[in-house]
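Trainee: I would like to learn how to read a sheet, its aromatic contacts and a pocket from coordinates. Please take them in turn.

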Amino acid sequence: MKIYITKFSSFTPSPENPSETPKLPYVDALFKRRLSQITRMTIEAVHGLVEDDEKNANLKLVFASFRGEIARQLKINRGLIEDAEIMPAQFSISVFNTPPAATTIALKMKAGYTAIYPSEDNFSSCILAAASGILAPVEHREGETSHKIIFAYADEKIPDEYKDVAGYTDELPLAFACIFSTENSDGAIEVDLSEENLSGIAKVPKDFLDFLLKKQRG
């Protein structure tokens, strides 16, 4: 099986400032005021796909992350330990699906979203899960089927408090989004979905983005 990536966009903070967040000038100031790094990066990456083509805003969004809102989760855990309570406002924007939910609101995307976690910490499982939505498309009104979907990934900077925890990594935060399609087109990047191929190009998110960048450069 194969899919085609017709467009992709990414955001990575500078090495000098790994906590950097995109400015999001196209998002309402009050709405973005309390958004986390991971949510801001997700919005920025997806915006790169829809800003020049409004039709893409009608595509369903599939979001993947290894850690989700880890900084907010730490804040909530600290509150439980110190104050034995959780602030409802903090909890409401700390859940795993906050980034895609906020993205659909900010960019006025109405087709819905799904948030998924990499099975056995293998990023390629997310690609397969997202692609399944177009390889086995669901019929919509008037018999239409979906041949495209937006797949987005993001992980923010891990708080320094986790430095002594097993599995800690100081790799730069990263977010990217791409359009998966079952139909080939000019400039599209073909992706073989076989286990053998995905294990080489998509075990971790950065490898997959590097693959896309290399293909784009030709």
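What follows is a dialogue that goes from the sheet to the ring pairs, a pocket and one helix.

Trainee: What should be settled before reading anything?

Mentor: This is a predicted model, in which local features need pLDDT of at least 70 and side-chain atom pairs count only at pLDDT 80 or more, while totals for chains, interfaces and linings use all residues. Residues are numbered from 1 along each chain as its sequence is written, and side-chain values use heavy atoms, with hydrogens and water left out.

Trainee: In which order do the strands of the open sheet lie?

Mentor: Strands are DSSP runs of E with at least two residues, helices are runs of H or I with at least four, and both are numbered from the N terminus. Two strands pair if DSSP finds at least two bridges between them. Here six strands form an open sheet in the order 3-2-4-5-1-6, with mixed pairing. Strand 3 and strand 6 (189-192) are the edges, each pairing on one side only. On average, neighbouring strands are turned by 30 degrees against each other, direction ignored; axes are lines fitted to C-alpha atoms, for helices over the stretch in contact, and angles run from 0 to 180 degrees between N-to-C directions.

Trainee: Which strands run parallel to strand 2?

Mentor: Strand 2 is joined to strand 3 by four bridges, running parallel, and to strand 4 by four bridges, also running parallel. Phe63 stands opposite Ala115 in strand 3, and Leu61 has Ile150 in strand 4 as its bridge partner.

Trainee: And what are the partners of strand 5?

Mentor: Strand 5 pairs in the antiparallel sense with strand 4 over eight bridges. Seven bridges join strand 5 to strand 1 (residues 2-11), again antiparallel. Cys178 can be used to follow both pairings: Cys178 is the bridge partner of Phe8 and also of Phe151. Ser10 stands opposite Phe176.

Trainee: How do I read the two faces of a strand?

Mentor: In a regular strand the side chains alternate between the two faces of the sheet. Burial is then checked on each face; buried means under 20% relative accessible area, exposed over 50%, and partly exposed in between (1.4 Å probe, protein chains only). In strand 5, Leu174, Phe176, Cys178 and Phe180 lie on one side and Ala175, Ala177, Ile179 and Ser181 on the other, and all are buried. Strand 2 (residues 61-64) reads likewise: Leu61 and Phe63 point one way, Val62 and Ala64 the other, and all are buried.

Trainee: How many aromatic pairs does a search of the whole structure find?

Mentor: Rings of Phe, Tyr and Trp (its six-membered ring) pair if their centres lie within 6.5 Å; planes under 30 degrees apart count as stacked, over 60 as edge-to-face and the rest as tilted. The search finds ten pairs. Phe123 and Phe151 make a tilted one, at 5.9 Å centre to centre with 45 degrees between the planes. Phe123 lies in the loop between strand 3 (113-116) and helix 6 (124-135) and Phe151 in strand 4, so this pair ties together parts 28 residues apart in sequence. Both rings belong to buried residues.

Trainee: What does the pair of Tyr153 and Phe176 tie together?

Mentor: This pair is tilted, at 5.5 Å centre to centre and 45 degrees between the planes. Tyr153 is in strand 4 and Phe176 in strand 5 (residues 174-181), so the parts tied together are 23 residues apart in sequence. Tyr153 is buried at 4% relative accessible area, and Phe176 is buried at 0%. Ring pairs link both residues into a cluster with Phe66, Tyr117, Phe123, Phe151, Phe180, Phe208 and Phe211.

Trainee: Which residues lie nearest the centre of the second largest pocket?

Mentor: On a 1 Å grid over the protein atoms alone, a pocket is an open set of points with protein on both sides within 12 Å along at least five of seven lines, and a cavity is a set where a 1.4 Å probe fits but cannot get out; lining residues have an atom within 4 Å of a point. This pocket has 17 lining residues, with Tyr153, Glu171, Leu174, Pro205 and Lys206 nearest its centre. Strand 4 (148-155) and helix 8 (205-217) are the elements that give two or more residues to the lining, and helix 8 gives the largest share, five residues.

Trainee: Is Ala101 in helix 5 buried or exposed?

Mentor: Ala101 counts as buried, at 19% relative accessibility. Its helix 5 (residues 98-106) is mostly covered, with eight of nine residues buried. Ala101 is 62 residues from Thr39 in sequence and 9.0 Å away in space, C-alpha to C-alpha.
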